[in-house]
Amino acid sequence: MARKVNLRIWRGDSTSGSLQNVEVDANEGEVVLDVIHRVQATQMGDLAVRWNCKAGKCGSCSMEINGKPRLACMTRMSSFEEGEEITVTPLRAFPVIKDLVTDVSFNYKKALEIPAYEHPADLGPGEARMEQIDVERSQEFRKCIECFLCQDTCHVIRDHEENKKSFAGPRFFIRIAELDMHPLDMLKNRKRTAQEEHGLGMCNITKCCTEVCPEHIRITDNAIIPMKERVVDVKYDPARWLGSKIRRREGS
Amino acid sequence: MSGVFSPSRAEIKERTLRTDKWWLQPLATFGVLFSFVIYATFRAFEGANYYADHLISPFYSPCLSEACVPEATIGGWTPISAQVFNFALSPALIILIFPLGFRMTCYYYRKAYYRAFWMSPPACAVAEPHKKYTGETRQPLILQNAHRWFFYAGLIFNIILTYDAIISFKNKEGEWGHMSVGSLVLVFSTVMLWMYSLSCHTCRHTIGGRLKHFSKHPIRYKAWTTISKLNHSHALFAWISLFGVAFADIYVRQVASGAWTNFYFF
């Protein structure tokens, strides 16, 4: 059975904008994206919204719903109280293009800055062998759908535009962790560059990235903190440094 | 204008549009941690009522000062002078830096106090009030990287506190095989401190997290898997152990001052 819901949708572009009230029907089983589409179809024909799979797997419909970074396709209308006003805005960490669509190209630039996997020189195509327990840590990070909700909620860049040049953000810390934990990756300086070039030290572990991840990746506990500990191994632990010199362990 | 109010971002005047009680958790965290700091400071300077009937307060153990009551020391070993620059040094002040440092640099507590005390940020998607932010890249916050050293020190403290919990199974006459309420209090506090230490992220890293090939180290992999399960509850252990150690101190203080009687079960 349909019910009326009150939406406040941010409309505008990079020069100005405001929240606009709209009343719309919501049917049982619908999600916020369904209702936004109904608004688009019936009342705001030029409303800009980015979406694709409607199944929580493409990461396109990232927006902020009642102030929280969410996927609109995974936010059920039944999760709101009867009569509750629902506020929908674009991601507030990125430049707005139009209405609910933001320019997330910052993330693609950061992706290019992360050095790729380096295959062992002595292994040809098809010769690589890995055991499951060696790759399962990295596999968790491969669940990332690049919705960039973690990037959006991270206060390091959300609240400090000037940090964008020196901070890769949680999405790319899991990429670095994925590669550093990869049993065959041969690149030796990931830990140091994570700290010195990608801004790992700027993270203060407030776990907001983990809280908003729709794939429930334990970004902070399984990627960022382990990477911080690995950085301590090579930069702030004289005993480990000495051990790496004596036993010729990987030291970077 | 920076952050969410930057010119290129969506023009929204509110610092947050969250409608839930996002302020409740940092407020509660602030209240509890601040209360603990006040109490711990008072107790650290008190320098009395830390030993009674084979019960020693965890705030004062190991008791290394010449000012310690002999029964509270480790075999009478008191290497630290009772006075420093004519200042009467409480035995607690000598050792406080280690458990305090372990908690201050703990990855869980960092989240808790960065949010509750420094509001950086106060909650997720709530704009912080600071104009600049450099995180843990400069002094003094770069010292957070010393967490593992405090972890190692914390393990030594846990061993000493385990010894304290064991000797609490003596009666007033010093005979073994007796158990009092104080014994249970100290055992609970010590077990929770062990759980807090073992579930620590640094412990997880040291046990096996730093390895690249788990398959070559099956025992460390097994240990890492177990520690990883404990690590899920690290925040819970952080709080329970904090309350446990505070209550153990309160209990010993009350017994030592004569306000409470330590009841013996047998």
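Which residue stands opposite Ile86(A) in S5(A)? The residue is Leu7(A), and this pair serves as my entry point to the structure.

Colleagues, some conventions come before the details. This is a predicted model, in which local features need pLDDT of at least 70 and side-chain atom pairs count only at pLDDT 80 or more, while totals for chains, interfaces and linings use all residues. Residues are numbered from 1 along each chain as its sequence is written, and chains are lettered from A and ligands numbered from 1 in the order in which they are written.

I begin with chain A. The C-alpha atoms of this chain fill a box of roughly 70 × 40 × 30 Å along the principal axes. Chain A has 10 helices and 7 strands; these are DSSP runs numbered from the N terminus, with H or I over at least four residues for a helix and E over at least two for a strand. Of its 252 residues, 44% count as buried, that is, with 20 or more other C-beta atoms within 10 Å of their own, whereas 12 or fewer would make a residue exposed and values in between partly exposed, the C-beta atoms being placed from the backbone. Two residues are in contact if their C-beta atoms, placed from the backbone, lie within 7 Å. Among contacts in chain A between residues at least 6 apart in sequence, 63% join residues at least 24 apart.

Let me turn to the sheet. In chain A, 5 strands form an open sheet with mixed pairing, in the order S2-S1-S5-S3-S4; two strands pair if DSSP finds at least two bridges between them. Strands S2 (17-26) and S4 (68-71) of chain A stand at the edges with a single partner strand each, so one side of each is left without a neighbour in the sheet. From one strand to the next, the twist averages 35°, where axes are lines fitted to C-alpha atoms, for helices over the stretch in contact, and angles run from 0 to 180 degrees between N-to-C directions.

Strand S5 deserves attention. S5(A) pairs with S1(A) in the parallel sense over 3 bridges. Strand S3 (residues 62-65) of chain A runs antiparallel to S5 (residues 86-89) of chain A, and 2 bridges join them. Here Glu64(A) stands opposite Thr89(A). In a regular strand the side chains alternate between the two faces of the sheet. Both faces of S5(A) are covered: Ile86(A) and Val88(A) are buried on one side, and Thr87(A) and Thr89(A) on the other. Helix H1 (residues 32-42) of chain A lies across S1 (3-12), S2, S3 and S5 of that chain, running at about 100° to S2(A).

Next, the interface. Here 42 residues of chain B are in contact with 49 residues of chain A. On the chain B side, H4, H7 (201-209) and H8 (218-231) each supply at least two residues. H4(B) gives the most, with 5 residues. The residues of this side divide into 13 nonpolar, 18 polar and 11 charged, where Ala, Val, Leu, Ile, Met, Phe, Trp, Tyr, Cys and Pro count as nonpolar, Asp, Glu, Lys and Arg as charged, and the others, Gly among them, as polar.

Finally, one residue of that helix. Ala112(B) lies in H4 (residues 107-116) of chain B and is buried, with 23 other C-beta atoms within 10 Å. Not counting residues up to four places away in sequence, Ala112(B) touches Thr29(B) and Leu33(B).
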